Amino acid sequence: MEIDPVCKMEVNETEALTARCNGAVYYFCSHGCREKFMKAHPEGRRLYDLIIIGGGPAALTAAVYASTMKIDAFVIARDLGGQALDSSKIENYMGYDFITGPELIDKFKGQLLHSHYVDHLMNMVVSVGPYADGFTVTTADRRTYAATAVLVATGMARRRLNVPGEEEFQRRGVLYGNIQDYAFVQGEDVAVIGGGNSALQIVENLRAVARQVHLVSDEKLSADAALIERVKKFENLRIYENATVMEFTGNESLTGVTIRTERGESTHIPVNGVFIAIGFHPNSAILGGIVELNDRREIEIAPDCTTSYPGIFAAGDVTNAFGKRIIIASAEGAKATLAARRFIMNRNTEGPA
Ligand SMILES: Cc1cc2nc3c(=O)[nH]c(=O)nc-3n(C[C@H](O)[C@H](O)[C@H](O)COP(=O)(O)OP(=O)(O)OC[C@H]3O[C@@H](n4cnc5c(N)ncnc54)[C@H](O)[C@@H]3O)c2cc1C
């Protein structure tokens, strides 16, 4: 893999666009990035009409809309894909009877990088703050970018259990159900923690991969009834309801999980992999109290994706919009760009308030 010098995205050298400069070969994700590089504008540009934060369905749709509406936009994202990458089976996105998350995201990415190019940078935003007539957005490497408006589409992150061993064995047995994680537990005994739809979907995916699956839920299973009925028939599944995870143990990598059962007994389950699926929390901390959040720490938005702070827009799972779905996040991203455009146009004609 090579790194695109403009946006810092990892690119496969056999598929990437290339350019020669001072004897060196550079690799690019798209014609847009190569053009920028060739015009010798590596990453110095710092002032935009709109900065879109995030790389999931909401942000990618927002970016494509920004491109089609000729908004001078910049996307800053930790990754391109977001949670949708983890979905092994999407059956509810219009236009496709069935598609995997990675396939759908490849199509979104293609639209952004090749059909409707928008400047972009792979980085983590650490804060957003009001500045002069607009906002500054600061990334993890302490660079600051400025824009008239900001669109936050940072989605949600998986909740942690916060028990001993969870951090120590991250990616060395403690996993979260990404498609690529299943390869680690081929033929092994595994545990799945959680009792909702995500956890039971993981159990379904593991059925043919793992040898024995232990499902540990701290309450009665709460997934859809049809899903519960299906997994309960699996011969290689053992279910522990009303059980608490106490700790993860191991040496070089995970070798087991200790739980307290419904009867209050401590039980050690030898496993080589554990999948934690206990829900999500919204990635709203970068706004640091500038906009109103609800009690779940979701950004409160009006139907047009405006927040309580003029000029900051939000879309997708990070907001209080009803329905955490790809199609909803995408639509909200489009809506937020339309609202941001209205704001930018008014600002350009009327000047700042
Ligand atoms: C296992 C699983 C299966 C699912 N299956 C389906 C399904 O079948 N159908 C369906 O409709 N929905 C499904 N969903 C839900 C769907 O994936 C989400 O509703 C959707 O992805 C939300 O999109 P989003 O853009 O709002 O947020 P996300 O997808 O969460 O994307 C957020 C983006 O923001 C980035 N980001 C976060 N913080 C920062 C920061 N500080 N700086 C820069 N970037 C940041 C993230 O890296 C990510 O790129 C599933 C979810 C999971 C986890």
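Trainee: How should I read arginine 143: what does it count as, at 30% relative accessibility?

Mentor: Buried means under 20% relative accessible area, exposed over 50%, and partly exposed in between (1.4 Å probe, protein chains only). Arginine 143, at 30%, therefore counts as partly exposed. This is a predicted model, where local features need pLDDT of at least 70 and side-chain atom pairs pLDDT 80 or more, while totals for chains, interfaces and linings use all residues. Residues are numbered from 1 along each chain as its sequence is written, and side-chain values use heavy atoms, without hydrogens and water.

Trainee: Which residue forms a salt bridge with arginine 143?

Mentor: A salt bridge puts a side-chain nitrogen of Lys or Arg within 4 Å of a carboxyl oxygen of Asp or Glu. Here the partner is aspartate 141, with the closest N and O atoms 3.6 Å apart. Aspartate 141 is partly exposed too, at 42%. By this rule the count comes to 11 salt bridges.

Trainee: Is glutamate 298, in its salt bridge with arginine 296, buried or exposed?

Mentor: Glutamate 298 is buried, at 5%, whereas arginine 296 is exposed, at 53%. Their N to O distance is 3.0 Å. Through shared partners, salt bridges join Arg296, Glu298 and Lys324 into one network.

Trainee: And the ligand: which polar side-chain atoms lie by its nitrogen and oxygen atoms?

Mentor: Asparagine 92 places a polar side-chain atom 3.0 Å from a ligand nitrogen. A side-chain N or O atom of glutamine 83 is 2.8 Å from a ligand oxygen. Isoleucine 326 uses its backbone instead, with an N or O atom 2.9 Å from an oxygen of the ligand.

Methods
A polar contact is a pair of N or O atoms within 3.5 Å; within protein, one must be able to donate a hydrogen and the other to accept it, and residues adjacent in sequence count only if both atoms are side-chain atoms.
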